[in-house]
Amino acid sequence: MDPTSTYIAIAVAVLLLILLKMSIRIVRQYEQGVLFRLGRVIGVRMPGLRFIIPVIDRLPLVSLRIVTMPIQSQGIITQDNVSVDISAVAYYRVVDAVKSVVAIENVAAAIDQIAQTTLRKVVGRHSLDQTLSETERINTDIREILDQLTLAWGVEVVLVELKDIQLPDSMKRAMARQAEAEREKRAKIIAAEGEAIAATALGAASDTMMAHPLALQLRNLQSLVEIGVDKNTTVVFPAPLMSTIGELSAFLARENQAASAPTGKSPVKAA
């Protein structure tokens, strides 16, 4: 074989290898391939080893996995004219590979832009208190609006979550003062309720002590014991105890006087 024939054979072999490589495509498990032949959609190729006609066919691969897309912070004015910065995160996946390739040029960029505008629109319809307390409803509203727009692109929005809400410093201080005032109000209400319960209990206790005088004396003795626990050198005698001691002293004096009188003689009364 002459050298020219050898070179031609080698060139043909290399060309065949290149064409064979161009005709073999591998579609991974989480992908689908959209087959274009001469610019027209022929069908969808499922995961596995697939062959295409080089130059004539084109097989772009579309991922079906869930994509995490952060929504950058947006300056939003709420319904009650408060400026807040809100960021969020969205999760979406392709459910129709053909629509995601044919209906829109760049599905990820399109969803990012529409998610930002939808976030501003939905939050702008709520007041600041609603934005802070009703995040679940806001997330649901954003997801439903995005679903209506993206289904035509073959994309399903799985989840939308507000990630961060930044308030102005003046609003933070006002909310802190409001929270402090609310806590003080609750503390005063609880203290007043405690005073009312204590007054009722003291009234019942005073009625019991009035019916049983010895109970008051026992309570006084218990108070003295409690005072002496800390090794206090000061002795406190309650007024009722002092009167009791005085009565006891008078009683002992009468007893001593009766004991010192002569026995067997009765006192003579003056005529």
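1. A good place to start is pLDDT, the predictor's confidence in each residue, from 0 to 100. For this chain the mean pLDDT is 82, and 83% of the residues reach 70 or more.

2. Two words on how to read the rest. This is a predicted model, in which local features need pLDDT of at least 70 and side-chain atom pairs count only at pLDDT 80 or more, while totals for chains, interfaces and linings use all residues. Residues are numbered from 1 along each chain as its sequence is written, and side-chain values use heavy atoms, with hydrogens and water left out.

3. Now the overall picture. The chain holds eight helices and nine strands; these are DSSP runs (H or I of at least four residues for helices, E of at least two for strands), numbered from the N terminus. Of its 271 residues, 23% are buried, that is, under 20% relative accessible area with a 1.4 Å probe, counting protein chains only. The accessible surface (Shrake-Rupley method, 1.4 Å probe) comes to about 18,900 Å², and carbon and sulfur atoms own 61% of that.

4. Contacts are worth a look too. With a contact meaning heavy atoms within 4.5 Å, residues 24 or more positions apart make up 60% of the chain's contacts that have a separation of 6 or more.

5. Next, please find the open sheet of three strands, ordered S7-S8-S9 with antiparallel pairing. Its edge strands are S7 and S9, each pairing on one side only. From one strand to the next, the twist averages 25°. Two strands are said to pair if DSSP finds at least two bridges between them.

6. The S7 and S8 side comes as a hairpin. Nine bridges link S7 (residues 67–77) with S8 (residues 83–94), and Ile-77 has Ser-83 of S8 as its bridge partner. Five residues lie between the strands, and Asn-81 takes a positive phi near 60° in this hairpin.

7. On the other side, S8 pairs with S9 (residues 155–166) over ten bridges, again antiparallel. You can check the register at Ile-86, which stands opposite Ile-165 in S9, and at Asp-85, whose bridge partner in S9 is Gln-166. Helix H3 (residues 107–124) packs on the sheet and touches S7, S8 and S9, its direction making about 35° with that of S7. Such angles run from 0 to 180 degrees between N-to-C directions, with axes fitted to C-alpha atoms.

8. Finally, a friendly caution about the tail. Over residues 266–271 pLDDT stays under 50, and the model has zero contacts there beyond four places in sequence. Where pLDDT is low, the predicted coordinates should not be read in detail.

Methods. Buried means under 20% relative accessible area, exposed over 50%, partly exposed in between (1.4 Å probe, protein chains only).
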